[in-house]
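Let's walk through this structure together, moving from a charged network to the ring pairs and nonpolar cores, and then out to the overall fold. Keep the viewer open as you read.

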Amino acid sequence: NPVLQQLLTVDSGIGLCWLGNLGWLRRVDGKLIANDLGLDRSSRLFPSSIPTAELAPHLDLHFITHEHRDHFSGPTSEILASHGSCQFVLPANCAGRAAEFKIPEDRITVAVPDFVPTGNPAGTGHAQGIRIEPQRAFHGHTDFTVYRRANDQDCGYVFTLAGKRVYQPGDSVLLQQHIEDSSEVDVLFVSPTLHNTHIDASVRFIEAVRAGHVFPQHFGTYKVTPENSYWTEEYPEGVADRLPPDLRSTFHQVEQGEVFHIQ
């Protein structure tokens, strides 16, 4: 696969590749790290730029933020489990679904928000040499509200990769700790959907963190309907238009399958 091969050739800094929704690949220090891959859902508008079966043998770690099936996907997880040896790092509320998806227990690490992960392989807050800091996340819904079944075990993650702090907040409304505890973040992901940080909160988040690189996500992957628009439709252009010039240059709206290299 040409996209996968291009990503695997990144031998310095961080190579990023977006595969739709909240699904990202990161190539760093010879390892391939993913989060929230939902590459095999029939409801996708376009197939993944990298087929899961081709990706699986190369993947080292797969992080899950929460149990919703567009983030913790059964078809994708089963292929990753059967065609490769990656470790899964996921919240405790995903454990039952992990068993359903035939992920072996010895390949699962439980992540607890605001605490270092526990279990194999990350009991000291490190997995395969990568520092992991699980973060609090509260899932939103329509009209800027918190979802009635929001689960306090859901996670975002701060990774330390190649000396840089990379913040993936997961699906969450803006929280106080997002503003206060995000110092020295170099790479930030935002989801300007109605059920996450939308436009105003995304701009506040970006202005508070002032990361060197910001990437919008959670859009352009599924057909937008009146029923699902609160989570399928995002407003990256609205965020970009509201940012001051010095931060606008840090905002990168990439295409699915594009490899972005951070030196």
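A good place to begin is a pair of charged residues: both Glu133 and Arg165 are buried. Please keep in mind throughout that this is a predicted model. Glu133 and Arg165 form a salt bridge, and their closest N and O atoms are 2.7 Å apart. Glu133 sits in strand S8 while Arg165 belongs to strand S10 (residues 164-168), so this salt bridge ties together parts of the chain that are 32 residues apart in sequence. Side chains of opposite charge can pair when their charged atoms come close.

Glu133 has a further partner, since its side chain also meets that of Arg131 in a salt bridge, at 4.0 Å from N to O. Arg131 has a relative accessible area of 33%, so it counts as partly exposed. Through shared partners, the salt bridges join Arg131, Glu133 and Arg165 into one network.

How many salt bridges does a search of the whole structure find? There are six. One of them pairs Asp114 with Arg136, with 3.2 Å between the closest N and O atoms. This pair links distant parts of the chain, 22 residues apart: Asp114 is in the loop between strand S6 (108-111) and strand S7 (126-127), and Arg136 is in strand S8 (residues 130-136). Asp114 is partly exposed, because its relative accessible area of 40% falls between the 20% limit for buried and the 50% limit for exposed.

Now turn to the rings. The structure holds twelve aromatic pairs. Take Phe63 and Tyr157: their ring centres are 5.1 Å apart and their planes stand at 65 degrees, so the pair is edge-to-face. The two come from distant parts of the chain, with Phe63 in strand S4 (residues 61-63) and Tyr157 in strand S9 (residues 155-161), 94 residues apart. Are these two rings buried or exposed? Phe63 is buried, with a relative accessible area of 1%, and Tyr157 is buried too, at 0% relative accessibility.

Phe63 also forms an edge-to-face pair with Phe159, at 4.7 Å centre to centre and 70 degrees between the planes. Here again strand S4 and strand S9 are involved: Phe63 lies in S4 and Phe159 in S9, so the pair ties together parts 96 residues apart in sequence. Phe159 is buried, with a relative accessible area of 1%. Elsewhere on your tour of the rings, look for a cluster in which ring pairs link Trp18, Trp24, Phe189, Phe215, Phe219 and Phe260.

From the rings, we can move on to the nonpolar cores. In soluble globular proteins, nonpolar side chains tend to be buried together. The largest nonpolar core in this model has 28 residues, and of these Leu25 and Leu37 touch the most other members. Which elements give two or more residues to this core? They are helix H1 (2-8), strand S3 (31-35), helix H3 (74-83) and strand S5 (87-91). H1 gives the most, with four residues.

If you select Leu37, you can look beyond its neighbours within four places in sequence and find it in contact with Leu19, Gly23, Trp24, Leu25, Leu55, Leu59, His62, His71, Ser73, Thr76 and Leu80. Another core, of 24 residues, lies apart from the largest one; among its members are Ile132, Tyr157, Phe215 and Phe260. Tyr157 thus brings us back to the ring pair with Phe63.

One more residue deserves a stop. Ser202 is found in helix H6 (residues 198-209). Its relative accessibility is 0%, so Ser202 counts as buried. Not counting residues up to four places away in sequence, Ser202 touches Val190, Ser191, Pro192, Thr197 and Val239.

Finally, zoom out to the whole chain. It has nine helices and 13 strands. Along its principal axes, the C-alpha trace spans about 45 × 40 × 35 Å. A compact globule of 263 residues would have a radius of gyration near 18 Å, and the chain, at 17 Å, agrees with this. Buried residues make up 56% of the 263 residues. Among contacts with a separation of 6 or more, 62% are between residues 24 or more positions apart. As for the surface, the chain exposes about 10800 Å², and carbon and sulfur atoms supply 49% of that area.

Conventions
Residues numbered from 1 in each chain as written. Predicted model: local features only at pLDDT ≥ 70, side-chain atom pairs only at ≥ 80, totals over all residues. Heavy atoms only, no water. Core = buried A, V, L, I, M, F, W, Y, C linked by side-chain atoms within 4.5 Å. Buried < 20%, exposed > 50% of the residue type's maximum accessible area, 1.4 Å probe, protein only. Contact = heavy atoms within 4.5 Å. Phe/Tyr/Trp six-rings, centres within 6.5 Å; stacked < 30°, edge-to-face > 60°. Rg over C-alpha atoms; globule rule 2.2 N^0.38 Å. Areas by Shrake-Rupley, 256 points an atom, 1.4 Å probe, with all protein chains shown as cover.
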